[in-house]
Amino acid sequence: MNDKLYNWINWVLYDELVDGKINAPRHLLGNHDYGDGQVITCYKPHSESVSIKTPKGKTLTPMEKINDAGFYGIYFPKKKIKGSAYRFVTNYYDGTTVESADCYAFEGLFTDYDAYLFAEGKNYDIYEKMGAHPMTIDGVKGTYFAVWAPDARRVSVVGDFNMWDGALNPMHIHPASGVYELFIPDVYPGAVYKFQILTRYGDILYKADPYGNYNQMRPDNANIVADISNYKWTDKTWMDERSKSKRVDRMKQPMSIYECHLGSWKKKIEDSDFGFYNYRELAKMLGDYVKEMGYTHIELLGIAEYPFDGSWGYQVTNYFAPTSRYGEPSDFMYFVDYMHSQGIGVILDWVPAHFPRDAHGLGRFDGMPLYEHADPRKGEHPDWGTYIFDYGRNEVANFLTSNALFWVEKFHIDALRVDAVASMLYLDYGKQDGQWVANKDGGKENLEAIALLQNINTIMEERNPGAYLIAEESTAWPGVTAPASMKGLGFLFKWNMGWMNDFLEYMKLDPYFRKFNHNRLTFSLSYAYAENYILVISHDEVVHLKCAMLNKMPGLEFDKYANLRTAYGFMLGHPGKKLLFMGQEFAQLREWSEARSLDWWLLDENPLNKKMQNYVKELNHLYTKYDACYYNDVDPMGFEWTKVDDADSGIIAFVRRGKTAKEQLLFVLNFVPVERENYKIGVPCKTKYTEILSSDDEKFGGLGRNLKGKTVTAEDGECDRMKYNITMNVPPLSVTVFKYDYKESK
């Protein structure tokens with residue numbers, strides 16, 4: 001062996017390399033200056049010989065084989081090769097020859113400043129460095145890999161490009177940060193990979209990339225290199241308008257949300273685990289349907305990659321990858337782009353509350369608790385069997401914050417609906433005594449999670465004006481939608497779970513018993529302005545033996561449909577934005593299942609289902625046409641009861657007020673199957689009230705006992721604390737909506 005070469009080699013690192021334990025391979029491998037000359041080394045297991053091809057591509061210089069394990073080196077007395085401007089030509093015993101650039105000749109891209117910001121929890125663009133990124137360096141095409149694994153002994157990139165051999169591409173650790181990185185030439189989009197991790201205890205783990213953008217189709221779970229930077233967006237006008245929208249503007253705009261599970265809205269092949277439509281196919285079908293039905297937004301159940309279909313996307317293993325069930329990342333970008341072209345906002349369910357224990361996922365990522373808290377009383381959900389993120393660890397908080405920004409900035413998502421917020425806020429959520437630990441003040445509030453949510457909402461508003469977060473929060477936690485600057489959590493909207501539970505319990509009752517439960521119908525108005533609410537009838541209400549919405553309703557078939565039309569009418573008129581889960585717009589009979597399509601055949605077999613679909617369509621268009629339905633959702637002046645205490649009759653009435661005195665609305669609802677003839681209802685002014693919708697209209701499946709669009713004139717005479725009244729026949733199990741222009745009395 002050349003003496004210069006022998007003296008240069010760090011034999012401790014050499015032993016670590018051969019033993020598969022090296023974590024700083026660039027100190028041993030690659031191109032290194034040595035005095036006036038230079039040393040180039042490489043590690044090519046199972047090879048017979050290696051030569052170096054010069055930059056001009058003509059000269060082959062044989063390297064010295066230092067051991068049979070495949071370690072080669074060469075010393076040049078003068079510096080003749082700069083940087084990475086050379087290639088290895090490797091001859092293997094089986095007769096194959098492979099030419100490749102030297103991945104250890106490229107400098108790292110993860111900077112000290114990146115490391116500083118990451119450690120502070122403020123590297124919000126960390127997804128631009130972490131993960132797998134196709135790029136060209138020094139004229140060489142390849143993929144840059146980076147992963148955080150501070151407790152690992154060694155991390156390697158393994159994949160279909162290196163025979164899944166962890167000895168071939170060990171990554172180089174960045175000092176102090178625990179981030180491993182490596183640029184591998186000639187690895188292109190479509191390559192399949194994982195990280196092989198040698199733990200401190202000698203175990204070998206194969207982990208999916210936490211920041212990877214594309215995964216194999218389950219049950220396979222490796223990552224696929226993808227370039228998500230080349231999609232040509234066409235929604236500039238939409239994005240520009242969104243960026244101009246302020247927080248207060250959003251609250252005054254209509255939101256009628258169609259909650260959807262892409263895999264079961266429609267399936268290409270029924271009874272197949274793989275019969276899904278592609279994102280691009282779904283974009284056209286679903287976008288056109290949602291637009292025709294009059295919805296303003298679509299909310300997608302979990303899209304981030306998940307292994308088990310039955311989790312519906314709420315057991316996430318890859319937070320930066322749209323699920324491959326429906327196509328590639330660029331296909332999902334097209335989906336969002338198309339929705340925007342149709343004027344439809346896209347909301348994505350997001351799950352920072354917990355993650356599953358799948359071996360390839362985040363759990364015990366580098367052999368030790370990393371993304372989860374080390375103390376099981378803080379780091380595990382005993383009821384769910386999942387891990388809880390360590391919200392107080394800056395790098396983990398950075399992971400979640402950057403992920404929220406990633407979906408908004410890279411995929412143009414308009415809003416994130418944060419799942420299971422209550423489980424994040426309370427340390428004792430779902431736990432018994434002895435299963436949780438109090439905070440530093442002795443309370444059960446999760447102070448680190450609170451700080452994280454406040455920061456995410458604040459950063460989101462600063463970086464992406466017009467984008468926002470929605471909380472699924474099931475308790476009475478104060479200030480969920482108050483700005484973080486006012487010690488609130490900073491969400492823009494909160495799901496109104498209280499309204500949903502009370503209202504559905506009321507609607508399930510036989511009409512005879514509703515008069516004894518009248519408060520279930522009216523109580524929600526006592527807190528309707530405590531938060532910025534979205535009224536929801538979500539997927540959770542139509543699964544697990546809870547029945548589809550239609551079958552929650554009492555009575556025989558005709559009454560069930562009449563009850564449901566009345567329920568949807570009340571939802572339309574109640575303050576708050578609206579959300580309805582797919583299938584309920586046409587009164588799906590069966591509970592929802594992720595394994596099959598919705599029962600679209602009902603629209604051809606039963607006229608009542610088609611008429612229900614038309615009814616919901618009419619409700620949506622009425623909602624967006626009249627700003628009285630939404631403009632003052634968070635202002636008490638937008639709602640007033642005109643009849644609220646006649647529980648025996650089952651009738652309630654209220655008015656909704658919009659931006660001006662013009663086209664205000666009066667809602668009259670009857671929740672019992674008894675027609676009320678010549679019934680008096682108090683009204684706010686002496687003017688004409690024109691019927692614009694009746695659920696008893698024959699075109700919606702009723703019996704036509706409505707006013708047929710006629711006008712009713714108010715008369716003098718106090719009624720229901722109002723100075724004026726109208727008299728009408730109120731159809732059974734119905735909602736009637738009137739429009740009027742408010743006029744002051746002379």
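Visitor: What makes you say that strand β14 is mostly covered?

Guide: Take residues 192–198, which form β14: seven of its seven residues are buried. This is a predicted model, by the way. Both faces of the strand are covered, with V192, K194, Q196 and L198 on one side and Y193, F195 and I197 on the other.

Visitor: Which strands pair with β14, and how do you know that β11 is one of them?

Guide: Pairing needs at least two bridges between the strands. β11 (residues 154–159) shares six bridges with β14, in the antiparallel sense, so the two count as paired. To see one spot where they meet, look for V157, which stands opposite F195 in β14. Strand β15 (residues 204–207) is joined to β14 by four bridges and also runs antiparallel to β14. There, L198 stands opposite I204.

Visitor: What about β16, how many bridges does that strand have with β14?

Guide: Two bridges, again antiparallel. The cut-off is at least two, so β14 and β16 (residues 223–224) are a pair. Y193 has N223 of β16 as its bridge partner.

Visitor: What lies between β14 and β15 in their hairpin?

Guide: Five residues sit between the strands, and G202 in this hairpin takes a positive phi near 90 degrees. Further along, the loop between β15 and β16 holds P219. A cis peptide bond joins R218 to P219, with omega at about 15 degrees.

Visitor: Where else does a positive phi turn up, in a residue that is not a glycine?

Guide: R364 is one of them, with phi near 45 degrees. You'll find R364 in the loop between β21 (345–350) and α9 (376–379). D720 has a positive phi too, of about 55 degrees, and is not a glycine either. D720 is in the loop between β35 (715–719) and β36 (722–730).

Visitor: Why is D720 called buried, but R364 partly exposed?

Guide: Buried means under 20% relative accessible area, and partly exposed runs from there up to 50%. D720 comes out at 18%, so D720 falls under the cut-off and counts as buried. R364 comes out at 28%, so R364 lands in the range in between and counts as partly exposed.

Visitor: Why is α3 called roughly perpendicular to α10?

Guide: Their axes come within 6 Å and cross at roughly 95 degrees. Angles from 65 to 115 degrees count as roughly perpendicular, so α3 (residues 112–120) and α10 (residues 394–410) earn that description. At the contact, L117, F118, A119 and E120 of α3 meet N394, E395 and N398 of α10. By class, that gives three nonpolar, two polar and two charged residues.

Visitor: What makes β4 and β8 the edges of their sheet?

Guide: The open sheet has four strands in the order β4-β3-β7-β8, with antiparallel pairing. β4 (60–62) and β8 (97–101) each have a single partner strand, so one side of each is left without a neighbour in the sheet. Neighbouring strands here are turned by 30 degrees against each other on average, direction ignored.

Visitor: How do you know that β3 and β4 pair?

Guide: They share three bridges in the antiparallel sense, and at least two are needed, so they pair. S51 of β3 (residues 47–53) stands opposite P62 in β4.

Visitor: Which residues touch the most other members of the largest nonpolar core?

Guide: Among its 205 residues, those are Y258, F332, F335 and Y371. The largest share of this core comes from α10, with nine residues. Setting aside neighbours within four places in sequence, F332 is in contact with Y279, L300, I303, P322, L348, W407, F411 and I413. There is also a second, separate core of 19 residues, including L666, V712, A714 and I726.

Visitor: Why does F503 count as buried?

Guide: F503 has 1% relative accessibility, and buried means under 20%, so F503 qualifies. F503 is found in helix α13 (residues 497–508). Leaving aside neighbours within four places in sequence, the contacts of F503 are R520, L521, A567, F570 and F671. F503 and L521 are 18 residues apart along the chain, while their C-alpha atoms are separated by 5.8 Å.

Methods. Residues numbered from 1 in each chain as written. Predicted model: local features only at pLDDT ≥ 70, side-chain atom pairs only at ≥ 80, totals over all residues. Heavy atoms only, no water. Axes fitted to C-alpha atoms, helices over the stretch in contact; angles between N-to-C directions. Parallel < 35°, antiparallel > 145°, perpendicular 65-115°, else oblique. Contact = heavy atoms within 4.5 Å. Nonpolar A, V, L, I, M, F, W, Y, C, P; charged D, E, K, R; others polar. Buried < 20%, exposed > 50% of the residue type's maximum accessible area, 1.4 Å probe, protein only. Core = buried A, V, L, I, M, F, W, Y, C linked by side-chain atoms within 4.5 Å.
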